[in-house]
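Welcome, and thanks for opening the viewer. Let's walk through this model one selection at a time.

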Amino acid sequence: MDVSQGRVRTVSIIGTGYLGTTHAACMAELGFEVVGLDSDPHKVAMLAAGRLPFVEPDLEPLLAEHVATGRLRFTTDPAEAAAADVHFLCVGTPQRSDGLGADLGAVRGSVAALAPHLSRPCLVVGKSTVPVGTAAELAETLREAAPAGPEVHLAWNPEFLREGHAVADTLRPDRLVFGLEGGPDAPGAARALTALREVYADALGAGVPEVLADLPTAELVKTAANSFLATKISFINAMAELCDAAGADVTVLAGALALDERIGGRFLAPGLGFGGGCLPKDIRAFVARAEEIGAGAALAFLREVDAVNLRCRTRAVDLVLDELARGSGRRVAVLGASFKPGSDDVRDSPGLDVAAALHRSGIDVRIHDPAAMPTARRVHPELTYADSVAAACADADVVLLTTEWPQFRDLDPGGLAAVVARPVVIDARHALPAGSWRAAGWRYLAPGRPEPVATPRAAAATTAA
Ligand code: UGA
């Protein structure tokens with residue numbers, strides 16, 4: 001087929017991680033014939049059986065449904081993906097082991113593997129988060145290595161989905177950014193745009209805004225968006241540090257800031273900071289790339305954003321150690337291993353990091369998480385995991401909440417007080433109703449929030465009692 005004729009029927013998805021698997025299932029849901037390509041045969045076998053190798057609400061039924069109809073299949077063979085009209089590049093770009101930059105091995109490798117099979121006109125669409133300039137390099141690779149050469153076009157269409165909301169974010173994103181080689185007015189851009197508009201006809205028809213850009217701008221939109229979100233989170237966590245020093249309450253401060261519509265309350269929740277497979281490595285890769293292209297000064301502040309974020313973790317460790325120093329016990333229950341609720345992803349998880357640091361300090365740590373125990377065990381087999389909240393909290397001297405799962409928010413503080421050694425809770429995510437916990441006899445602590453000061457009347461009552 002010729003993508004300029006507006007007849008996209010088959011799409012390939014290169015890389016079937018969170019992004020690729022979600023995109024594959026959603027493309028099948030939209031009616032396209034989809035082939036998912038991955039180099040990991042174990043993952044491919046699982047997906048081909050309609051099973052999801054990770055936790056993501058609403059995704060497994062979609063996957064199973066379209067695998068069953070045959071509209072969605074998975075393979076390890078690039079030749080099987082070659083016939084697609086549009087190829088979505090969804091492989092990971094983790095942090096390099098030897099520095100802050102992104103490891104582009106999978107991106108370059110998958111394009112190099114696919115290119116020799118591209119012998120008919122098609123569109124390759126980059127969705128992976130990459131350092132600016134990568135798309136231009138890949139376009140060159142395709143021109144040189146694809147038999148169809150100039151008939152193979154490259155566009156950049158960054159992905160903004162959040163784990164835990166992946167399906168909804170894919171089908172109805174906030175915006176669709178289409179980066180076109182040479183910009184929207186360049187010769188050849190119209191063909192790529194026709195195919196992109198066809199692929200995303202459903203979302204565009206529902207009013208999702210379209211942003212047309214050149215390749216570098218499209219690449220930058222993604223890293224800039226994640227950097228902005230990370231900056232907002234670190235800003236409020238820096239305010240939490242100030243509040244601790246000044247005896248002020250960061251939750252009240254954040255609530256007041258949020259009422260200014262120019263600021264808004266989203267991504268302004270203080271606590272343990274950001275983790276996961278995206279925000280931390282993306283801001284580091286952005287800094288590294290800015291330095292490479294001579295614009296390091298512009299992003300120097302992101303190093304501070306990173307530092308504030310990592311300090312959230314050391315401050316939580318210190319809070320626990322200070323609290324343990326008030327008594328003689330050394331047992332801590334950690335509630336939460338995933339980097340956020342609704343996911344079993346433990347990549348750069350703040351809570352798991354804190355648990356591991358406490359363990360290294362000789363503390364007896366017991367972790368419970370509703371979804372992430374298997375993934376956490378794989379990364380930190382040396383830690384102790386408990387099958388329930390009660391088992392994690394049995395005889396604990398401190399209960400530390402690190403992930404705001406709904407089932408933790410709704411815990412009964414009265415019941416839990418009966419199983420712990422000392423009723424002390426550190427709410428590192430500001431997720432618990434402090435008043436109810438205090439009323440149930442708990443000492444409630446949270447970063448950036450002062451302990452209640454006894455009023456003269458309350459103090460007198462305490463003395464009399
Ligand atoms: C993030 C972005 O939000 C997505 O738009 C983007 O597509 C994705 O990265 C990506 O690059 O693939 P995600 O990593 O799923 O999505 O998670 P977020 O919901 O952004 O949360 C990131 C971290 O920030 C979590 O650890 C969360 O607990 C923390 N966070 C979030 C806060 O500490 N405070 C907040 O107010 C909000």
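How many bridges join strand 13 to strand 14? Select residues 424-427, which make up strand 13, and then strand 14: three bridges join the two, and the strands run parallel. Before going further, please keep in mind that you are looking at a predicted model.

**Stop 1: the six-stranded sheet**

Stay with strand 13 and click on Val 424; its bridge partner in strand 14 is Arg 443. Strands in a sheet pair through backbone hydrogen bonds, and the pairing can be parallel or antiparallel. Now zoom out until the whole sheet is in view: it is an open sheet of six strands in the order 11-10-9-12-13-14, with parallel pairing. At the edges are strand 11 (384-385) and strand 14 (443-445), and each has a single partner strand, so one side of each is left without a neighbour in the sheet.

Next, colour two helices that lie across these strands.

- Helix 13, residues 300-325, lies across strand 9 (331-335), strand 12 (398-401), strand 13 and strand 14, and runs at about 170° to strand 13.
- Helix 14, residues 350-360, lies across strand 9, strand 10 (364-368), strand 11 and strand 12, and runs at about 160° to strand 10.

**Stop 2: the eight-stranded sheet**

Which strands stand at the edges of the other sheet on our tour? To find out, follow its eight strands in the order 3-2-1-4-5-6-7-8; they form an open sheet with mixed pairing. The edge strands are strand 3 (72-75) and strand 8 (210-214), each pairing on one side only. Turn the view a little and look for the twist, which averages 25° from one strand to the next.

For a closer look, select strand 1 (residues 10-14) and strand 2 (residues 33-37): five bridges join them, and they run parallel. Click on Ser 12, and you can find its bridge partner, Val 35, in strand 2. Then add helix 8, residues 189-199, which packs on this sheet. Helix 8 touches strand 4 (86-89), strand 5 (122-126), strand 6 (152-156), strand 7 (176-180) and strand 8, and its direction makes about 155° with that of strand 7.

**Stop 3: a proline to visit**

Select Pro 78, which sits in helix 4 (residues 78-81). Setting aside residues up to four places away in sequence, Pro 78 touches Leu 37, Ala 113, Leu 114 and His 117. Now draw a line from the C-alpha of Pro 78 to the C-alpha of Asn 157: these residues are 79 apart in sequence and 21 Å apart in space.

**Stop 4: the ligand**

Centre the view on the ligand and show the 21 residues around it; Phe 160, Leu 161, Glu 163, Lys 222 and Asn 226 come nearest. By class, this shell has eleven nonpolar, three polar and seven charged residues.

Where do oxygen atoms of the ligand meet the protein? Try these distances:

- 2.7 Å to a backbone N or O atom of Glu 163
- 2.9 Å to a polar side-chain atom of Lys 340
- 3.3 Å to an N or O atom in the side chain of Arg 429

Switch on the surface as well: the protein covers 89% of the 710 Å² of accessible area that the ligand has on its own. To finish, colour helix 10 (215-246) and helix 12 (279-292), the elements that give two or more residues to the shell. Helix 10 gives the most, with four residues.

Note on methods
Residues numbered from 1 in each chain as written. Predicted model: local features only at pLDDT ≥ 70, side-chain atom pairs only at ≥ 80, totals over all residues. Heavy atoms only, no water. Near = heavy atom within 4 Å. Polar contact = N/O pair within 3.5 Å; in protein donor to acceptor, adjacent residues only side chain to side chain. Areas by Shrake-Rupley, 256 points an atom, 1.4 Å probe, with all protein chains shown as cover. Nonpolar A, V, L, I, M, F, W, Y, C, P; charged D, E, K, R; others polar. Pairing = 2+ DSSP bridges. Axes fitted to C-alpha atoms, helices over the stretch in contact; angles between N-to-C directions. Contact = heavy atoms within 4.5 Å.
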